[in-house]
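Got a structure open and wondering where all the labels come from? Here are some plain questions and answers to go with it.

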Amino acid sequence: HCGIDRVPVHWVDVDDETAHRILLADNRTADLATYDDHALADLLVEMGKTGHLDGTGYDGDDLDDLLADLEAEYKGEGDPNLYSGKIVAPIYKATGDCPPVHDCYDTSKRDELLTAINKRTDLPDEIATFLRSAAERHTTFRYDHIAEFYCHADAELQQLMEDSALVIIDFDKAVENGFVQLSKTIAGIFAADYPGES
């Protein structure tokens, strides 16, 4: 049906009753499952860029239909078209007291890495500095708390938070600063592949 003449097989050595249970459960979970159409579209667009939809059960027409359905869904709700690049940022309003800054982020993984790096006294300074910089990427940010903290901050602190991409208020500025370069790149690829759709 999909043009596939060979498929991978995973053999499971079980008795007949267990095999029937597996078969029934597999079919039933497929009946109960639903697609995340947005995630599906993202994946198909990504695979379609390289022309490799073969073997997926989808073709270009299926992708076009899915994107059209998503566009119609969003237009019907008065929301922006997810795949057009027209993005409307949500407006966050303060809902409570300003959280303490230590609730806005977690450095436990970073600290664990820094401890391990610092134990290596044999590392050249350049390598140790490089690894310490990389460890900073493991700081986890709590964006719900950050948004609340931002609402209580003065204008100068808010600007610093925006410049650090802790919050994105101005999408065009975020593109200019490179915080959302990937989205701009994907939008460009989609526009090239699907002219007139954006």
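Q: What makes R120 and D122 a salt bridge?
A: This is a predicted model, and in it the closest N and O atoms of R120 and D122 are 2.7 Å apart. The cut-off is within 4 Å, so the pair counts as a salt bridge.

Q: Why is D122 called exposed or buried?
A: D122 has 52% relative accessibility. Exposed means over 50%, so D122 gets that label.

Q: And why is R120 put in its class?
A: The relative accessible area of R120 is 44%. Buried would need under 20% and exposed over 50%, so R120 is partly exposed.

Q: What makes R110 and E136 a salt bridge?
A: Their closest N and O atoms are 3.5 Å apart, and the limit is within 4 Å. R110 sits in helix α4 (residues 108–119) while E136 is in the loop between α5 and β2, so this pair ties together parts that are 26 residues apart in sequence. D111 joins in too: R110, D111 and E136 are linked in a network of salt bridges.

Q: Why does E136 count as it does for exposure?
A: E136 comes out at 40% relative accessibility. That falls between the 20% and 50% cut-offs, so E136 is partly exposed.

Q: How do you know that R21 forms a salt bridge with E17?
A: The closest N and O atoms of the two are 2.8 Å apart, and within 4 Å is what it takes. Both residues lie in helix α1 (residues 16–32), 4 residues apart, about one turn of the helix. R21 itself is exposed, as its relative accessible area is 54% and the bar is over 50%.

Q: Why is T139 called buried or exposed?
A: T139 has a relative accessible area of 12%. Under 20% means buried, so buried it is. T139 lies in the loop between α5 (125–135) and β2 (140–141). Its contacts, leaving aside neighbours within four places in sequence, are Y105, D106, T107 and R110.

Q: How do you know on which side of α7 the buried residues lie?
A: The buried residues of α7 (residues 155–163) are Q158, M161 and E162. They cover an arc of only 100° around the axis, which puts them on the same side of α7. The face turned away from that buried side carries the exposed residues E156 and L160. What covers the buried residues includes α6 (143–152).

Note on methods. Residues numbered from 1 in each chain as written. Predicted model: local features only at pLDDT ≥ 70, side-chain atom pairs only at ≥ 80, totals over all residues. Heavy atoms only, no water. Helix = DSSP H or I, 4+ residues; strand = E, 2+ residues; numbered from the N terminus. Buried < 20%, exposed > 50% of the residue type's maximum accessible area, 1.4 Å probe, protein only. Contact = heavy atoms within 4.5 Å. Arc of directions from axis to C-beta. Salt bridge = Lys/Arg side-chain N within 4 Å of Asp/Glu carboxyl O.
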